[in-house]
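Let's take a walk through a protein model together. Keep the 3D view open and turn it as you read.

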Amino acid sequence: MTNNLKLELETTVQSRVLAGRRTASRLIRCHFSSVGRVEGPAMVLKIFFPKCCNTADSGLLVGRWVPGQDSAVVLAVIHYPFIPGQVKKYLSQIRNQTQVDLTILGSWSKPKDGQEGMDSFLKDLSTIFPHSRWLQLSRESGKRAFTCRVVQNNGTPPADQEGDEKVIFIHYDQRKVMLSQLHPIQEKSSEKESSELRVVFQTVAQSQPLFFLDRYDEGPLKLTHWQSEGREASIIVELLKQASVPLCVVLTWLVSVWQWLCSFRLLHMWPVQFISSKLSTCVQSGYRMDHFQTVFSTKKATMHIEFMRKANIFVSFLLDIALGLLLISWLYRENRISQLANTLVPVADHVAKELQELLEWLMGAPAGLKMNRALDQVLGRFFLYHIHLWISYIRLMSPFIEMILWYVGLSACLGLTFALSVLSDIVALLTFHIYCFYVYGARLYCMKIYGLSSLWRLFRGKKWNVLRQRVDSCSYDLDQLFIGTLLFTILLFLLPTTALYYLVFTLLRLVVVMFQGLIHLSVDFINSFPLFAMGLRVCRPYRLAEGVKFRVLSEEPGAPLHLMMEINPLKFSSVLQFYRTPTYSCYPRDSWAALCKKLFVGELIYPWRQKSTKTD
């Protein structure tokens, strides 16, 4: 939806007969966006009328004239009998509470037995209440359509009014419109002029204090609106609202205590801060602390976006905890922790032995390739030494593996995302030797690539200007060219051996990175998925509106056209786009071209997080 009105109008109208009577069959489908103006004939008065007031008793119409538009929004009907002074006082109180310019739009007449003079009495009220135009609506028994007469402040009808053809009644479900949020959401601070449809939605939503008093209450005034249909508030919900305030205060205090402990200077020293920034568990803990501050804040969410963000985070947190408890119940049942510990150590030994066999294969003639034997032996023995150290480390830790897993499993009580973050850190620790192999091979390969590129520029009489960040021409003497030729030849003939080791360890590293990437994607999905918004879209689709559509309710000769306004729900993809919670891993990724370039030149890759800008 763009900021302009998208209106699709399909009208099939038979030509008017000579007697002036019109018979038509129409199908109208209108979609509103942020502009929201109904296309139609000039000077057409549109009256938004709540369908709950169709059967209301005679009285006064309470509502608002839409500024800048030839439209009126009816919110309620004040029943007879009433005292005009009390009506004015009540409207003044409602205006102060809602900051909405509510007024008496006119009169509503539904004749009953014993109320023959009601029409004339209601017409005389136009002299008491200040108005620019006075609406006189009436509905006869047995008829579905209304009749409308517009009277100016001097008591005469407008000069351009010719019957009832230029009045359109738009019936709407008041409760759904009040609870609905029209998208795209417009900020309060926006200076852009609000659309007609958006003003209607905002008027109904901001007039909630008007709906506290209905016809069943004891008082001097009795009103009909959506609350008059007999819906009652849930006592459990009200009790939960009252109990949430002290609970939020306690939880906010606990979060502040945790932040005070985390603010110690020792925790902000370079080694501790560097290690904590690399551990997924620490990052997820900080992320959840920010969530706790947002959800359990005692400050009320005034904007729709703030409320939805709090609700999405809270529901996501509950789902995270529930999944974590299910994981705990599965782990600590049937002695699965011991089985996992007994499986983990042999798997680590098997991986180390496979790496050892791979290195022995590379130290020979892999795939029939002729390698530089001296460099091949040096690199092979260097990596074999690391594998022996790693095997010794695993066997030293094997008696404590079960105890470590037992305590690590308890971390799932903080949520499944916390347990997955711990798993990611465990995988990183168990594959640390593969990471070391990859770094050694990448650094050695990168040095040779950049060395060869520099020496290649030397042959062409070029050099890299560090200050200007460009390649400039340069003249070299004979000694420099001779040494450069020797170094270029040495690096070129050693490159295949280094490239083979780099290729093998890069593939191993990519396997580990893909596994950790799946874990990070799972954590990111749980943290950012707008579950509450999706639940609203499924259970109560009218709460998230993308626009409206109309259908014809009644079209009788000599009576205004009656339309029914229905809400078009927001698409699921739009819900995900609007309400997805930003997470710590939602940084821009490298493109495939940039990733391939890094792999080719030997730069270290971290696909799940964007690296800082490199400076030569």
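Before we start, a word on naming: helices (at least four residues) and strands (at least two) are runs assigned by DSSP, and they are numbered from the N terminus. With that in hand, we can place a first residue: Gln469 sits in the loop between strand E12 (462–465) and strand E13 (470–473). Keep in mind that what you're looking at is a predicted model. Gln469 has a positive phi of about 55°, although it is not a glycine. Is Gln469 buried or exposed? A bit of both: its relative accessibility is 40%, and because the partly exposed class runs between 20% and 50%, Gln469 counts as partly exposed.

Now zoom out. The protein's secondary structure adds up to 17 helices and 15 strands. There are 616 residues in the protein, and 42% of them count as buried. The accessible surface comes to about 35,400 Å², with 62% of that belonging to carbon and sulfur atoms. And how do the contacts run along the chain? Take the contacts with a separation of 6 or more: 71% of them are between residues 24 or more positions apart.

Next, let's see how helices lie against each other. Two packed helices are described by the angle between their axes and by the distance between those axes. Try helix H9 (residues 336–362) and helix H10 (residues 373–397): they pack at an angle of about 170°, and their axes are 10 Å apart. Since angles over 145 degrees count as roughly antiparallel, H9 is roughly antiparallel to H10. Which residues make the contact? On the H9 side they include Val345, Ala348, Leu355 and Leu359, and on the H10 side Phe383, Leu384, Ile387 and Trp390 are among them. Sorted by class, the contact of H9 with H10 has 12 nonpolar, 3 polar and 3 charged residues. While you're here, look at the loop between helix H8 (304–331) and H9, where you'll find Asn335. Asn335 has a phi near 55°, a positive value in a residue other than glycine.

Here's another pair to look at. Helix H7 (residues 280–295) and helix H12 (residues 416–430) pack at an angle of about 155°, with 8 Å between their axes. H7 and H12 are therefore roughly antiparallel to each other. Their contact is made by Ser280, Thr281, Gln284, Ser285 and Arg288 of H7, together with Thr417, Phe418, Ser421, Val422, Ser424 and Asp425 of H12. How do these residues divide by class? The contact of H7 with H12 has 2 nonpolar, 7 polar and 2 charged residues.

Helices can also have a buried face and an exposed one. In helix H17 (residues 592–601), Leu595, Lys598 and Val601 are buried. Look down the axis of H17 and these buried residues fall within an arc of 140°, so they line one face of the helix. What do they pack against? The buried residues of H17 meet helix H13 (432–459) and helix H14 (478–528). The face turned away from the buried side of H17 carries the exposed residues Trp592, Ala593, Lys597 and Phe600. Just after H17 comes Gly602, with a positive phi of about 90°.

Helix H16 (residues 572–579) can be read in a similar way. Ser574, Val575 and Tyr579 of H16 are buried. Seen down the axis, the buried residues of H16 fall within an arc of 105°, so they line one face of the helix. Their cover includes H8, helix H15 (531–539) and strand E14 (544–554). On the other side of H16, Ser573 and Gln577 are exposed.

Let's finish with two loop residues. Phe146 lies in the loop between strand E7 (133–138) and strand E8 (147–152). At 0% relative accessibility, Phe146 counts as buried. What is it in contact with? Leaving aside neighbours within four places in sequence, Phe146 has contacts that include Phe49, Trp108, Phe169 and Pro560. The C-alpha atoms of Phe146 and Lys110 are separated by 9.8 Å, with the two residues 36 apart along the chain. The other residue is Pro184, found in the loop between strand E10 (181–182) and helix H4 (196–206). The peptide bond from His183 to Pro184 is cis, with omega near 0°.

Definitions and conventions: Residues are numbered from 1 along each chain as its sequence is written. This is a predicted model: local features need pLDDT of at least 70, side-chain atom pairs count only at pLDDT 80 or more; totals for chains, interfaces and linings use all residues. Side-chain values use heavy atoms; hydrogens and water are left out. Axes are lines fitted to C-alpha atoms, for helices over the stretch in contact, and angles run from 0 to 180 degrees between N-to-C directions. Angles under 35 degrees count as roughly parallel, over 145 as roughly antiparallel, 65 to 115 as roughly perpendicular and the rest as oblique. Contact means heavy atoms within 4.5 Å. Ala, Val, Leu, Ile, Met, Phe, Trp, Tyr, Cys and Pro count as nonpolar, Asp, Glu, Lys and Arg as charged, and the others, Gly among them, as polar. Buried means under 20% relative accessible area, exposed over 50%, partly exposed in between (1.4 Å probe, protein chains only). The arc is that of the directions from the helix axis to the C-beta atoms. Accessible areas come from the Shrake-Rupley method with a 1.4 Å probe; for residues, only the protein chains shown count as cover.
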